[in-house]
Amino acid sequence: GFGAQNLINNFISGFIILGERPIQIGDLIEVDGMPGKVEEIGARCTRIRTGENIHILIPNSSFLEKNITNWTLSDNRIRTKILIGVAYGSPVKKVEAALLESVLSNEKILRSPEPFVLFSDFGDNSLVFEVYFWIMIRMVLEKKQIESQVRFEIDQLFRQEGIVIAFPQRDLHFDTDKPLNIQLTGQVPPSKKFLAPDPDQALPQKP
């Protein structure tokens, strides 16, 4: 009886899924951070295919007990964003224009709703921008592919405009009343030691 509890739970969950239809065949879903496409909904488990072409069988009870992301439940249009940091002193208006141009140059990105850019924060090492845009997904990896294409375009436009993508850095300030005394210590390797000439060995004189 105790051993059959999980089996009965999965059967009942399967009937609930077929009745409420939170997932359907062909939906793009994400379970525990793992994206995949629903291929079959059985009485006990559901089969999904990942982007690596691997089939995974998920118990039906997991769809009722865990948080499931269904990317295409009611619509296959989703909004995504790309976050990027530029160096302090960069022309922020040029940054905004370059980000919008990189997005609008991609044919797979929707023009409506219209993409937009947010100047989100003054970071520790950079000025942080976020560019938002809408796409239509039909495959598991399509979202990542479009985001990768936009990043390539951003890098190219930033190089043309002379905009520097920021990297982590740290400035150190020494508060002292007198100049610092810096000493370099260490042993010199034997091969690097200076050998003084032997006075007993006279050099041959040229005629």
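## A tour of the salt bridges and one nonpolar patch

Start by selecting Arg77, which is partly exposed at a relative accessible area of 37%. The model on screen is a predicted one. Add Asp75 to the selection: its side chain meets that of Arg77 in a salt bridge, 3.0 Å from N to O. Asp75 counts as partly exposed too, with 32% relative accessibility.

Next, select Glu39, Glu40, Arg47 and Arg49, which are joined into one network by salt bridges that share partners. Within this group, show the side chains of Arg47 and Glu40, which form a salt bridge at 3.6 Å, N to O. Arg47 has a relative accessible area of 29% and is partly exposed; Glu40, at 39%, is also partly exposed.

Move on to Lys66 and Asp32. Their closest N and O atoms lie 3.1 Å apart in a salt bridge. This pair links distant parts of the chain, 34 residues apart. Lys66 sits in the loop between α2 (62–65) and β5 (68–70), and Asp32 in the loop between β1 (28–31) and β2 (34–41). Asp32 is exposed because its relative accessibility, 58%, is over 50%, whereas Lys66, at 39%, is partly exposed. In total, the structure holds 9 salt bridges.

For the last stop, leave the charged pairs and select Leu7, Phe11, Phe15 and Leu18. Together they make a nonpolar surface patch of about 400 Å². Centre the view on Leu18, which is placed in helix α1 (residues 5–20). Leu18 is partly exposed, its relative accessible area being 47%.

Methods
Residues are numbered from 1 along each chain as its sequence is written. This is a predicted model: local features need pLDDT of at least 70, side-chain atom pairs count only at pLDDT 80 or more; totals for chains, interfaces and linings use all residues. Side-chain values use heavy atoms; hydrogens and water are left out. Patches are made of residues with over 30% relative accessible area and no salt bridge: like charges are joined within 9 Å, nonpolar side chains (Val, Leu, Ile, Met, Phe, Trp, Tyr) within 5 Å. Accessible areas come from the Shrake-Rupley method with a 1.4 Å probe; for residues, only the protein chains shown count as cover. A salt bridge is a side-chain nitrogen of Lys or Arg within 4 Å of a carboxyl oxygen of Asp or Glu. Helices (H or I, at least four residues) and strands (E, at least two) are DSSP runs, numbered from the N terminus. Buried means under 20% relative accessible area, exposed over 50%, partly exposed in between (1.4 Å probe, protein chains only).
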